[in-house]
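Here is a short briefing on strand pairing, burial and aromatic contacts. Keep the sequence and the 3D view open while reading.

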Amino acid sequence: MEYLFEDNYLVFDPATSPHYQVFHVALVPHGETAMAESEWPPSSFVMWVFSSVNGRWEEKTFVRQGPPAGTIAQLAAFQWCYARHAVYWRGALYVQREHHFVIRLSLSDSTYQVIKPPNTLQSVRGQDSYLGKSKKGVYYVLMLGNSDRLQVWVLEESRDGYAEWMLEHDVDLQVLLPRLNYRPQAYGPWILQDVNYNEDKHIAIYNDNESTIVDHDSEWNSDDDALDTEDMVDAGNHNGASVLGLHPFKEIVFLSCSISRGLAYHLSTSKLEDIGSIYPKYYREVSGPHRDIQDFFPYTPCWME
């Protein structure tokens, strides 16, 4: 069977191996009326996999264990999930699908399992969701509806293959956001570093010879649990929060407020911390009216010998 659309996911753990794999995972076929009553994902899920070991793409079949997410017709009626993330955890790739369910690909025996989304996702519409990895394993972070209600779910798996999302944290950020004071520039500056950034051009236009290297003394440090509230300005109005990601080792959820502000929510203390403006220097001039967060991921530095 050939699929029209696919997502690409990288499987790479530098702590265990310098090699990596890339997976093409198909989306639910839409507009295929002849396939409307077919199960999805199929019992034998074929996908292309690239391996850095042999340097080529190969077809690989994963055999489903357990029931599917539904039929293609049933899934077509569900709300679409535009931000689809993945987690590599203990030899398995957990992939968030466009209808919020998760598939767990076991790389050791080429099997896979469909994991239903948290209960809230099955009843509340208009939510912002994020699949990530943190201290306890695989997490599902939700920002519900048009509110600022944050939910954090943790996946619990048994030896017999049973998997269930457990609600770890549930908080209304509307209580915290109006009371949050923002530093004019906290733990910064954030630096614009992408394919469009040209330091020489900015020096010529703005007569700015500042280095793009950040002073490490001014960077945000998650090991510093003290939330300093001195010398801060009033937050004023905000247009809601959205999920950016998870700290890979500590239970900290990264959020953005009104797109332009970075926040860190500490699950252990239920405290919200301002970590500075997400808009890097000169971003407004570069982006013009098209300011938005297209995608995001937490970067985890690794040691190299």
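The points below cover two sheets, one enclosed strand and the aromatic pairs.

The model is predicted. One open sheet has eight strands, and another open sheet has four. A search of the whole structure finds six aromatic pairs.

**The eight-strand sheet**

- The strand order is β1-β2-β4-β5-β10-β9-β8-β7, and the pairing is mixed.
- The edges are β1 (6-12) and β7 (86-89). Each has a single partner strand, so one side of each lacks a neighbour in the sheet.
- From one strand to the next, the twist averages 30°.
- Eight bridges join β4 (residues 44-51) to β5, in the antiparallel sense.
- Across from W48 stands E59 of β5.

**Aromatic pairs and the cluster**

- A pair of aromatic rings is described by the distance of the centres and the angle of the planes.
- Among the six aromatic pairs is the one between F23 and F62, which is tilted. The centres are 6.2 Å apart, with 50° between the planes.
- This pair links distant parts of the chain. F23 sits in β2 (residues 20-26) and F62 in β5 (residues 56-64), 39 residues apart.
- F23 is buried, because its relative accessible area of 0% falls under the 20% cut-off.
- F62 is buried as well, also with a relative accessible area of 0%.
- One aromatic cluster is formed by Y20, F50 and W57.

**W57 and its surroundings**

- W57 belongs to β5.
- W57 is partly exposed, because its relative accessible area of 39% lies between the 20% and 50% cut-offs.
- Beyond its neighbours within four places in sequence, W57 contacts V22, H24, W48, V49 and F50.
- F50 is thus named twice: as a contact of W57 and as a member of the cluster with Y20 and W57.
- Q21 is 36 residues from W57 along the chain, and their C-alpha atoms are separated by 9.5 Å.

**The four-strand sheet**

- The strand order is β15-β16-β17-β18, with antiparallel pairing.
- At the edges stand β15 (241-246) and β18 (271-277). Each has a single partner strand, so one side of each is left without a neighbour in the sheet.
- The twist averages 30° from one strand to the next.
- β16 (residues 252-257) and β17 (residues 261-266) run antiparallel and are joined by six bridges.
- In that pairing, L255 has L263 of β17 as its bridge partner. C257 has R261 of β17 as its partner.
- On to β18: five bridges pair it with β17, again in the antiparallel sense. Here L263 has D274 of β18 as its bridge partner.
- L263 therefore has a named bridge partner in the pairing with β16, L255, and one in β18, D274.
- β17 and β18 form a hairpin with four residues between them. In the turn, S270 has a positive phi of about 55°.

**Burial of β17**

- Which residues of β17 cover its two faces, buried on one side and the other? R261, L263 and Y265 lie on one side, and G262, A264 and H266 on the other. They are all buried.
- In a regular strand, side chains alternate between the two faces of the sheet.
- Six of the six residues of β17 are buried, so the strand is largely enclosed by the rest of the structure.

Terms used
Residues numbered from 1 in each chain as written. Predicted model: local features only at pLDDT ≥ 70, side-chain atom pairs only at ≥ 80, totals over all residues. Heavy atoms only, no water. Phe/Tyr/Trp six-rings, centres within 6.5 Å; stacked < 30°, edge-to-face > 60°. Buried < 20%, exposed > 50% of the residue type's maximum accessible area, 1.4 Å probe, protein only. Pairing = 2+ DSSP bridges. Axes fitted to C-alpha atoms, helices over the stretch in contact; angles between N-to-C directions. Contact = heavy atoms within 4.5 Å.
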